[in-house]
Amino acid sequence: MDRETLGQRIRALRIRQGISQAQLAFPELSDSYISLIESDKRVPAPSVIDLLATKLNCSPTYLVSGVSEDVVDELRVTLDYAEIALQNGAPAEARARFAEVLANADAVALPDMLHQARWGHALALEASGDLEEAIAGLRELTEEANPEADLDHWARVHVALSRCLRERGDISASVQVAEDALRRLAAGGHDGTDAAVHLGATLLAAFIQRGDLVRARQLAAQIVERAERIGSPRVRMEACWEAAHVAEVRGDYEEGVTLAERAMLLAGEDEDPRSHNRLRVAYAGLLLRARPERAEEARELLGRVRAEINTSADGEIDVAWCLTELARAETVLGRPAEAVALAEEALELLGDAPRRATAGALTVLGEALVRTDRRDRAVEVLTSAATHLEEMESSRVAAQTWFDLAELLAETGAAEESRLAAYRRALACAGV
């Protein structure tokens, strides 16, 4: 059934209250203007809608949408509850509440609320680990978003889509989303904005994951320069962190740690809890790789994050990353049995879907199994990790994992054919 138009609603309310067009118009408007509005030949400005709502004894929201104030209040409460659940690390509850709003027939007449519910639902799907549905929802939102209307939100939607694609292992698609968005920003004269830095950092993360270190290094320098010029602490933090990641994968650990520590200092108290937790987990992971003598410090930091992680919007993937880095710390500290338990907990949380986080947990589990002399199981796990990484276009990490597997096969006395096959896969992933 078609809903009433704004003009039809105004006319029905006026007639119900027994007043003429001239009476409704007086003294601010003309009766001819009211006639044009009621026949849907004119769209009144928000200030006129407010005026007419007051005269007709209803809310502006009802006048525009036809939805009663009670229903609007109920939907608003549900949305607020969903947002709180998402921020408090209850993505399943948030997902259910956002879906409740989306299923309400009245939400169609409330575009702002409907958009808020769709955006929140996509984030809740991501936090729940349902990347396929999250990507589908985010693709729709990116198609509808307009950088001229709300530049920051437009960038956030594209960043989220690129991030989910990267996490799923579709690196080429992740790169394309970020590159296309940056090109559009440049065409619109918005390349000197926070939005451009956020998108640049997202593209940089995809380059690193793909092993495209030349482009990553060039882009990192551009992002840091742009962030310093803009001056926003948050974008400077994000730029420093991504530059630290580039330095790490290039093997320049000292520069990486310096940049990461600078990023940590720039992360203020008002930083989004989920982003802050990700930053701390990533920093701890860098310490483990760059300065293993500080492994205990990294383990303590990860322990604090793990204790706090349920008080923020951290989803299953973020929790699994924290557990994986904790497992890495335990391995470095000579406690491989504890590492095995933590990595297996991460894998149980992630489920069977192929993800970047799954490959990372498998790699750490394989390393810990080697330390516990469970080499046959380690070979099985590392083979699965390398295969995951190769399928996800993570060529640099896949090459290293295949190489580590080849070395392990040599230690276990495996057949030469198996060792050579692993070396060949390593070389192929490295582009040799």
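**Helix H18 and the salt bridges of helices H8, H9, H11 and H13**

Helix H18 is mostly covered, with 14 of its 17 residues buried. The model described here is predicted. Helix H18 comprises residues 316–332, and its expected span, at 1.5 Å a residue, is 24 Å; the C-alpha atoms at its ends lie 24 Å apart, in agreement with that expectation. Gly 334 follows helix H18 and has a positive phi, near 85 degrees.

Salt bridges were examined next. The structure contains 32 salt bridges. One of these joins Arg 118 to Glu 140, with a separation of 3.6 Å between the closest N and O atoms. The two partners come from distant parts of the chain, since Arg 118 belongs to helix H8 (residues 111–128) and Glu 140 to helix H9, at a distance of 22 residues. Glu 140 has a relative accessible area of 43% and is therefore partly exposed, as this value falls between the limits of 20% and 50%.

Arg 118 also pairs with Glu 144, the N to O distance of this salt bridge being 2.7 Å. Because Glu 144 is located in helix H9 and Arg 118 in helix H8, the pair ties together parts of the chain 26 residues apart in sequence. Glu 144 is likewise classed as partly exposed, at 49% relative accessibility.

A further salt bridge is formed by the side chains of Arg 215 and Glu 179, at 2.7 Å from N to O. Arg 215 lies in helix H13 (residues 213–230) and Glu 179 in helix H11 (residues 171–187), so this pair connects parts that are 36 residues apart in sequence. The two partners fall into separate accessibility classes: Arg 215 is partly exposed at 36%, whereas Glu 179 is buried at 18%, a value under the 20% limit. In addition, Glu 126, Arg 163, Arg 278 and Asp 318 are joined into one network by salt bridges that share partners.

Helix H9 also contains a buried position. Thr 142 is placed in this helix, which covers residues 131–144. The relative accessible area of Thr 142 is 13%, and the residue is therefore buried, the limit being 20%. When neighbours within four places in sequence are set aside, the contacts of Thr 142 are with Val 157, His 158 and Leu 161. Helix H9 thus holds buried Thr 142 together with Glu 140 and Glu 144, both of which are partly exposed.

Conventions:
Residues numbered from 1 in each chain as written. Predicted model: local features only at pLDDT ≥ 70, side-chain atom pairs only at ≥ 80, totals over all residues. Heavy atoms only, no water. Helix = DSSP H or I, 4+ residues; strand = E, 2+ residues; numbered from the N terminus. Buried < 20%, exposed > 50% of the residue type's maximum accessible area, 1.4 Å probe, protein only. Contact = heavy atoms within 4.5 Å. Expected span 1.5 Å × (residues − 1). Salt bridge = Lys/Arg side-chain N within 4 Å of Asp/Glu carboxyl O.
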